[in-house]
Each structure stands twice: as structure tokens, then as C-alpha cells.
Amino acid sequence: MNNTRRKLLQSIINKLNDCSSELESIKDEEQDAFDNFPEGLQVSERGEAMENAISEMENAISSIEDVISSIENAME
């Protein structure tokens with residue numbers, strides 16, 4: 001792979017890392033909001049929706065990490 005394509009791939013990795021960081025911040029805010037809910041509301045429909053959203057964001061972050069790893073492997 002030539003340097004131009006490597007630089008383009010590195011740029012994509014940087015963007016993905018930025019997206020992952022932003023997603024992590026949003027997930028953390030949602031987790032804090034959930035943790036501050038009274039216990040009765042945590043087990044409510046809204047609380048369950050918040051837990052699901054947190055879980056899905058964790059899955060998305062993991063997927064982004066997998067994509068970054070695949071791109072890095074392609075750059076070797």
C-alpha cells in the first residue's frame with residue numbers, strides 16, 4: 001500500500017476514534033442519568049429503554065473498535 005492510501009486510511013481511523021469518543025461521552029451521560037434515577041424508575045419502561053440505549057451504544061463503540069482494528073490490519 002502506498003503512503004497516500006495509508007494517510008487516507010489513517011484519516012478514517014482518526015475520524016472513527018473521534019466518533020467513538022463522542023459516543024462514549026453520550027453513553028456516559030446516559031449512564032449517569034440512569035444511575036441518578038430512583039430505583040423505582042430504573043425498573044420502569046423508561047429505565048429499561050435507557051439501559052437498552054446504553055447497551056446499544058456500548059455495542060456500537062465495540063464495533064467501531066473492530067473496524068479500526070481491521071483498517072489497521074489492512075495498513076500492515
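Mentor: Lys and Arg count as positive here, and Asp and Glu as negative. Keep in mind that this is a predicted model.

Trainee: Thanks! With that rule, how many positive and negative side chains does the protein chain have, and how far apart are the centres of the two sets?

Mentor: There are 6 positive and 18 negative side chains in the protein chain, with the two centres 18 Å apart.

Trainee: Lys27 caught my eye. Why is Lys27 called buried?

Mentor: Good one to pick! The cut-off for buried is under 20% relative accessible area. Lys27 has 10% relative accessibility, so Lys27 counts as buried.

Trainee: Where does Lys27 sit, and which residues does Lys27 touch beyond four places away in sequence?

Mentor: Lys27 belongs to helix H1, which covers residues 3-35. Setting aside residues up to four places away in sequence, Lys27 touches Ile54, Met57, Glu58 and Ile61. Contact means heavy atoms within 4.5 Å.

Trainee: What makes the pattern of the protein chain α-α-α?

Mentor: Its secondary structure consists of three helices and zero strands, and reading along the sequence gives α-α-α.

Trainee: How do you know how the protein chain compares with a compact globule of 76 residues?

Mentor: Set the two radii of gyration side by side: such a globule would be near 11 Å, but the protein chain has 17 Å. The C-alpha atoms fill a box of roughly 60 × 15 × 10 Å along the principal axes.

Trainee: And what share of the 76 residues is buried?

Mentor: Buried residues account for 24% of them. The protein chain exposes about 5,400 Å², with 47% of that supplied by carbon and sulfur atoms.

Methods. Residues are numbered from 1 along each chain as its sequence is written. This is a predicted model: local features need pLDDT of at least 70, side-chain atom pairs count only at pLDDT 80 or more; totals for chains, interfaces and linings use all residues. Side-chain values use heavy atoms; hydrogens and water are left out. Helices (H or I, at least four residues) and strands (E, at least two) are DSSP runs, numbered from the N terminus. Buried means under 20% relative accessible area, exposed over 50%, partly exposed in between (1.4 Å probe, protein chains only). The radius of gyration is taken over C-alpha atoms; the globule rule is 2.2 Å times the number of residues to the power 0.38. Accessible areas come from the Shrake-Rupley method with a 1.4 Å probe; for residues, only the protein chains shown count as cover. The place of a charge is taken as NZ of Lys, CZ of Arg, CG of Asp or CD of Glu.
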